[in-house]
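Student: I'm new to this structure and would like a close look at its nonpolar interior. Could you take me through that part slowly, and then show me what lies around it?

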Amino acid sequence: MPTPKEIEEKFWSALKSDMTMMLGLDGVEDGHARPMTAQLDGERGPIWFFTSRDNTIVQKLGAGQGNRAIATFTSKGHDLFATVHGGLTLDNNPATIDRLWNRYVAAWFEGGKSDPKLALLRLDAERAEIWLDASSVIAGIKMLLGVDPKPDYKDKVAEVSLRG
């Protein structure tokens with residue numbers, strides 16, 4: 001059975017590989033979330049998102065409606081799921097933009113790194129609940145045989161602190 005630390009490591013590895021999260025502000029727009037491409041600057045957080053200044057998340061941050069964010073993640077293989085909570089800020093530090101800039105980001109901003117529409121969001125992840133997929137064939141067979149698969153599942157969930 002994986003430890004919470006091992007589950008957390010699987011999360012960071014999967015996020016680095018798969019990169020798409022659903023991001024929203026806690027208590028804003030009924031928690032409406034948008035798909036965003038996550039980028040890591042190292043092995044762990046913060047989690048960075050390039051977006052446009054006209055994105056509602058950026059506008060709501062600027063309007064003082066709070067900076068508590070919720071991001072959800074599903075790995076491409078659907079073998080890991082996570083809900084991440086933390087503080088979200090607008091951080092257009094030129095050095096960070098330079099480090100994270102790549103051809104995929106450049107395709108969205110005609111003005112390059114100095115495009116006036118460019119916004120870089122920083123999610124300082126504080127905690128997460130991470131699930132490893134427990135809907136395996138073995139769990140299905142156990143259910144067919146009348147065996148409760150939940151005891152096996154409890155070892156595949158971790159609530160972890162993501163603060164450095």
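Tutor: Let's start with what is hidden: of the 164 residues in the chain, 37% are buried. Please keep in mind that this is a predicted model. Its pLDDT averages 84 over the chain, and 81% of the residues score at least 70.

A little orientation will help before we go inside. The chain has six helices and eight strands. Following the sequence from its start, you meet them in the order α-β-β-β-β-α-β-β-α-α-β-α-α-β. Parts that are far apart in sequence often meet in space: 71% of the contacts between residues at least 6 apart join residues at least 24 apart.

Now to the interior. The largest nonpolar core has 33 residues, and the two that touch the most other members are Leu23 and Ile47. Seven elements each give it two or more residues: the helices α1 (4-18) and α2 (56-62), together with the strands β1 (20-25), β4 (47-52), β5 (68-74), β6 (80-90) and β7 (118-132). Of these, β7 makes the largest contribution, with seven residues.

To get a feel for this core, place yourself at Leu23. Setting aside residues up to four places away in sequence, Leu23 touches His32, Ala33, Arg34 and Met36, then Phe49 and Ile57, then Ala69, Ile70 and Ala71, and finally Leu88, Leu121 and Leu123. A second core, of nine residues, lies apart from the largest one, and its members include Phe50, Ile97, Phe109 and Leu118.

Phe50 is a good residue to follow next, because it leads us from the second core to an open space. The largest pocket holds about 450 Å³. It is lined by 17 residues, and those closest to its centre are Phe50, Thr37, Tyr104, Val105 and Trp108. Two or more lining residues come from each of β2 (33-37), β4 and α4 (103-106). The strand β4 supplies the largest share of that lining, four residues. So β4 is worth a second look: this strand is also one of the elements that give two or more residues to the largest core.

Just ahead of β4 there is a detail in the backbone. Gly45 and Pro46 are joined by a cis peptide bond, with omega at about 10°. Pro46 sits in the loop between β3 (39-40) and β4.

Two other loops have an unusual backbone angle to show you. Met19, in the loop between α1 and β1, is not a glycine, yet its phi is positive at about 70°. Met19 is partly exposed, because its relative accessible area of 29% falls between the limits of 20% and 50%. In the loop between β5 and β6 you will find His78, again not a glycine, with a positive phi of about 55°. At 48% relative accessibility, His78 is partly exposed as well.

Next, go to the loop between β6 and α3 (94-100), where Asn92 is found. Beyond its neighbours within four places in sequence, Asn92 contacts Arg53, Ile97, Leu118, Ala119 and Leu120. Among these partners, Ile97 and Leu118 belong to the second core. Although Asn92 and Ala119 are 27 residues apart along the chain, their C-alpha atoms are separated by 6.3 Å. Asn92 itself is partly exposed, with 27% relative accessibility.

Arg53 turns up again when you look at helix α2, where Gln59 lies. Leaving out neighbours within four places in sequence, Gln59 is in contact with Arg53 and Asp54. Its relative accessibility is 43%, so Gln59 counts as partly exposed.

For a residue on the outside, try Pro116, in the loop between α4 and β7. Its 66% relative accessibility is over 50%, so Pro116 is exposed. Its C-alpha atom is 8.9 Å from that of Ser52, which is 64 residues away along the chain. Taken as a whole, the chain exposes about 9400 Å², and 53% of this comes from carbon and sulfur atoms.

Finally, a stretch to treat with care. Over residues 136-144 the pLDDT stays under 50, and there the model has five contacts beyond four places in sequence. Where pLDDT is low, the predicted coordinates should not be read in detail.

Terms used: Residues numbered from 1 in each chain as written. Predicted model: local features only at pLDDT ≥ 70, side-chain atom pairs only at ≥ 80, totals over all residues. Heavy atoms only, no water. Core = buried A, V, L, I, M, F, W, Y, C linked by side-chain atoms within 4.5 Å. Buried < 20%, exposed > 50% of the residue type's maximum accessible area, 1.4 Å probe, protein only. Contact = heavy atoms within 4.5 Å. Areas by Shrake-Rupley, 256 points an atom, 1.4 Å probe, with all protein chains shown as cover. pLDDT = per-residue confidence, 0-100. 1 Å grid on protein atoms, 1.4 Å probe; cavity = no way out; pocket = protein on both sides within 12 Å on 5 of 7 lines; lining within 4 Å. Points joined across faces, edges and corners; volume = space filled by probe spheres on them.
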